[in-house]
Amino acid sequence: MNDFIENQLLLWKEAADNYKNLGATLRRRFSLGDFECAVQFNPARIRSTGAVTSKQAIAQRPCFLCAKNRPEEQIAVPAADGWELLLNPFPIFPVHFTIAATSHTPQKKIPFEMASFAERWPERAIFFNGAKACASAPDHAHCQAVLKSELPIITLAEKLHPFYNQSSIIHTSSTSADLPFHFYSAIIYPDTTGADILRALPQIQGNDAASGRPDPDLVNAIFWMGSEGVLRAIVIPRSAHRPECFYKEGSERILVSPGTIDMAGILILPRKEDFDKITGQDIRNIYSQVAVLP
Ligand SMILES: [Zn+2]
């Protein structure tokens, strides 16, 4: 896989520049109770964070995940039946892939294939942004892959949901942990309980704060091979696509549009002024406005 990244960066200058610029990103760390997180200043992500996500805007732009619209430098490698692996040209981490459906079908429920991708690439976390939870292409099914060591919530889930040689699912509100929001954590053995849990995960829905209704497009999810060598997953139900501060003006504005990586403890801030001024309380407010609170 490192060969794939190297080949791709040799061929594709724009992506290579963005990966090189990752070295210049800045971080500030925060502890919110038991939740360790950080903010990353990453100006190249402005196009994703600030993206217009209305149905009309999405319908009018050429889909960047469809083969016919991709830059000619972008290489696709088959990942599974109906899926292909692509380098993400706007990385958050030094290893950052997109795994896209080969056909232009909308981002719907959490794809079952994520479990097999996690088993196939045990050093990676495979993650999913629901269509209303920061998916940059809600009209084209995809998930992404980064190194699992990059996501603080993975260490947290393994600590809060210990491993007892059997499949199980918990909601973190059942633990005594002090967290800014809660989520589901699953341990999935290849047995009947594990299969039941695997079928249940894509049924978890967010709850739209604006309408008060359950919404299957308001979720984030991560699959990975746990440190015990068993498949694990997290599903984070969401209540909103973006927090209030995204829509504010002037000094009250913080340009942040949380997807799985942000919910996993790395908030991406494309503006330096936001990076400099954000406080732990701001981060708590952001999480409380986009996650479903127990
Ligand atoms: Zn497409």
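**Exercise 1. Work out whether H104 is buried, exposed or partly exposed, and then do the same for C63.**

Solution. Start with H104: its relative accessibility is 41%, so it counts as partly exposed. That follows because partly exposed covers the range between the buried limit of under 20% and the exposed limit of over 50%. Now take C63, whose relative accessible area is 5%, so this residue is buried. Keep in mind that you're working with a predicted model here.

**Exercise 2. Find the atoms that hold the zinc ion and decide what geometry they make.**

Solution. First, list the donors: SG of C63, SG of C66, ND1 of H104 and ND1 of H140 coordinate the zinc ion, at 2.1 to 2.3 Å. Next, check the angles. The four donor atoms subtend 99 to 122° around the zinc ion, so the arrangement is tetrahedral. The test is that all angles lie between 85 and 135 degrees. Then look at the spacing in sequence, which reads C-x2-C-x37-H-x35-H for the donor residues. Finally, place two of these donors on the fold. C63 sits in the loop between α4 (55-60) and β3 (77-80), while H104 sits in the loop between β5 (96-101) and α5 (113-120), so this pair ties together parts that are 41 residues apart in sequence.

**Exercise 3. Describe the surroundings of N129.**

Solution. Begin with the backbone: N129 belongs to strand β6, residues 124-129. Its relative accessible area is 8%, so N129 is buried. Now look for a polar partner, and you'll hit T260, whose side chain makes a polar contact of 2.6 Å with that of N129. To finish, leave out residues up to four places away in sequence and collect what N129 touches; among them are Q107, C134, Q144 and N220.

**Exercise 4. Sort the residues of helix α1 into a buried side and an exposed face.**

Solution. Pick out the buried ones in α1 (residues 2-11): F4, I5 and Q8. They span an arc of only 95° around the axis, so they lie on the same side of α1. Then turn to the face pointing away from that side, where the exposed residues N2, D3, E6 and L10 are found. Last, ask what covers the buried residues of α1: the cover includes β3, β4 (83-87) and β5.

**Exercise 5. Which residues touch the most other members of the largest nonpolar core?**

Solution. Out of 43 residues in this core, the answer is I153 and I222. Follow I153 outward, skipping residues up to four places away in sequence, and its contacts include F35, F181, I222 and M263. There's also a second, separate core of 37 residues, with W12, L22, A101 and I204 among them.

Definitions and conventions
Residues are numbered from 1 along each chain as its sequence is written. This is a predicted model: local features need pLDDT of at least 70, side-chain atom pairs count only at pLDDT 80 or more; totals for chains, interfaces and linings use all residues. Side-chain values use heavy atoms; hydrogens and water are left out. Helices (H or I, at least four residues) and strands (E, at least two) are DSSP runs, numbered from the N terminus. Buried means under 20% relative accessible area, exposed over 50%, partly exposed in between (1.4 Å probe, protein chains only). A polar contact is a pair of N or O atoms within 3.5 Å; within protein, one must be able to donate a hydrogen and the other to accept it, and residues adjacent in sequence count only if both atoms are side-chain atoms. Contact means heavy atoms within 4.5 Å. Donors are N, O and S atoms within 2.8 Å of the metal (3.2 Å for Na, K and Ca); water is not among the atoms, so sites may look incomplete. Four donors count as tetrahedral if all angles lie between 85 and 135 degrees; four count as square planar and six as octahedral if opposite donors are over 155 degrees apart and all others between 65 and 115; anything else is irregular. A nonpolar core is a set of buried Ala, Val, Leu, Ile, Met, Phe, Trp, Tyr and Cys residues joined through side-chain atoms within 4.5 Å. The arc is that of the directions from the helix axis to the C-beta atoms.
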